[in-house]
Amino acid sequence: YSANPISNKHRYGWLELPHLTHSSMPVAVLIHGGAWETGGPASMKYIAEYLCDHGVACWNIEYRALDSGGGWPTTYADVCDAIDHLIVLKLSAAPMLDLDRVYLVGHSAGGQLAALALGQSPSKLDARGLLIDAPLSRLAHKSLPRDVPGNYAAANPIRHLPSNKDMLLAQGTCDYVIPHGQVRRYGRTATRRGNRVTYLTLKDARHNDVLLPWRNPDTYDAVTEALGEFIGAKKVSSKAAKRASRNSSGSGRMG
């Protein structure tokens with residue numbers, strides 16, 4: 001999704017469409033975590049598998065992280081460019097994508113990036129601008145000092161909350177990576193700003209349990225079912241899909 005071939009090694013996405021395509025389908029933009037340092041789209045593939053089995057198109061994105069030329073604001077700019085690229089996919093490869101029904105789905109640091117992107121002011125869709133200008137309009141500021149308080153403020157989603165949005169926040173009771181108070185504070189503030197927030201507490205779930213169907217089946221089922229209901233996914237063969245996911249050896253359909 002980059003206009004610069006040099007950076008395309010880390011600026012790409014996996015578009016996965018349901019086997020039974022329809023004239024119009026919602027789109028989930030999947031944003032992986034990894035503390036802006038590690039990870040990759042493969043960590044989100046089982047969530048993508050579930051959503052695609054239920055009629056949702058998935059745009060599972062990679063971006064430049066700290067170890068691959070990223071940082072602030074480069075990493076966030078990549079995420080924004082990847083979201084903008086949906087119109088290119090619709091015009092060139094997947095006309096059934098419904099860009100009026102786009103959902104941002106992030107895990108861990110991907111949740112932060114999704115929340116930041118959700119907080120951007122909506123603007124009129126400009127096909128020409130998205131096709132030509134978007135990747136070139138956000139430049140990485142490599143000269144910034146290593147620690148800049150203003151950058152931390154700029155990257156804090158709670159400072160950029162939108163209004164009139166639907167949000168689903170999920171966290172395990174045994175997740176010691178992301179402070180529970182931080183997530184709940186975001187949810188409370190979002191509610192005060194006029195957003196409709198659903199908070200899902202996952203009993204005995206650890207940080208990465210939501211990603212792997214065999215690691216904690218109850219957690220994976222709870223998250224995928226709540227996410228599917230939130231997006232409005234089709235209720236088709238859910239038990240069969242779960243069984244297939246749990247029996248998977250680790251290779252996905254995405255590529």
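**A walk through the fold**

Trainee: In this chain, what share of the contacts with a separation of 6 or more comes from residues 24 or more positions apart?

Mentor: Keep in mind that we are looking at a predicted model. Counting contacts with a separation of 6 or more, the share from residues 24 or more positions apart is 74%.

Trainee: Thanks! And how many of the residues in the chain are buried, as a percentage?

Mentor: The chain has nine helices and six strands. Among its 255 residues, the buried part comes to 45%.

Trainee: Let's turn to the sheet. What is the order of its four strands?

Mentor: Strands of a sheet can pair in a parallel or an antiparallel way. Here the pairing is mixed and the sheet is open. From one strand to the next, the twist averages 20°. Reading across, the order is β1-β3-β2-β4.

Trainee: Which strands stand at the edges, and why is one side of each left without a neighbour?

Mentor: A strand with a single partner has nothing beside it on the other side in the sheet, so it stands at an edge. That is the case for two strands, residues 13-16 and 97-106, which are β1 and β4.

Trainee: In what sense do β1 and β3 pair?

Mentor: The pairing of β1 with β3, residues 57-61, runs over four bridges. Within it, W14 faces N60 of β3, and L15 stands opposite W59. The sense of this pairing is antiparallel.

Trainee: And in what sense do β2 and β3 pair?

Mentor: This pairing has five bridges. One opposite pair to look for is I31 with I61 of β3. The sense of the β2 and β3 pairing is parallel.

Trainee: How many of the residues of β3 are buried?

Mentor: In a regular strand, side chains alternate between the two faces of the sheet. In β3, A57, W59 and I61 point one way, while C58 and N60 point the other way, and all are buried. The strand is therefore largely enclosed by the rest of the structure, with a buried count of five of the five.

Trainee: What lies on the sheet? At about what angle to β3 does α1 run?

Mentor: Helix α1 covers residues 45-53 and lies across β1, β2 and β3. Its angle to β3 is about 165°.

Trainee: At about what angle to β3 does α2 run?

Mentor: Helix α2, residues 74-84, lies across β2, β3 and β4. Its direction makes an angle to β3 of about 150°.

Trainee: How many of the residues of α2 are buried?

Mentor: The buried residues of α2 include the aspartates D78, D81 and D84 along with T74, Y76 and I83. The helix is mostly covered, and the count is 11 of 11.

Trainee: Are α1 and α8 parallel, perpendicular or oblique to each other?

Mentor: The axes of α1 and α8, residues 217-231, come within 10 Å and cross at roughly 50°. The crossing is right-handed. An angle between 35 and 65 degrees falls outside the roughly parallel and roughly perpendicular ranges, so the two helices are oblique.

Trainee: Which residues of α8 meet α1?

Mentor: From α1, the contact uses Y46, I47, Y50 and L51. Across the whole contact, the residues divide into seven nonpolar, two polar and one charged. On the α8 side they are Y220, T224, E225, L227, G228 and I231.

Trainee: Now the backbone oddities. Which residue does a cis peptide bond join to W72?

Mentor: Most peptide bonds are trans. This one has an omega of about 0°. The partner sits in the loop between β3 and α2, and its name is P73.

Trainee: Where does A35 lie?

Mentor: A35 has a phi near 60°, positive in a residue other than glycine. Most residues other than glycine have a negative phi. You will find A35 in the loop between β2 and α1.

Trainee: Is N164 buried or exposed?

Mentor: N164 also has a phi near 60°, and N164 lies in the loop between α6 and β5. Its relative accessibility is 54%, and the cut-off is over 50%, so N164 counts as exposed.

Trainee: Last one: how far apart in space are R188 and Y199, C-alpha to C-alpha?

Mentor: R188 is in helix α7, residues 180-192, and at 47% relative accessibility R188 counts as partly exposed. In sequence, R188 and Y199 are 11 residues apart. In space, their C-alpha atoms are separated by 9.9 Å.

Definitions and conventions:
Residues numbered from 1 in each chain as written. Predicted model: local features only at pLDDT ≥ 70, side-chain atom pairs only at ≥ 80, totals over all residues. Heavy atoms only, no water. Pairing = 2+ DSSP bridges. Axes fitted to C-alpha atoms, helices over the stretch in contact; angles between N-to-C directions. Contact = heavy atoms within 4.5 Å. Parallel < 35°, antiparallel > 145°, perpendicular 65-115°, else oblique. Left-handed = near helix turned anticlockwise from the far one by under 90°. Nonpolar A, V, L, I, M, F, W, Y, C, P; charged D, E, K, R; others polar. Buried < 20%, exposed > 50% of the residue type's maximum accessible area, 1.4 Å probe, protein only.
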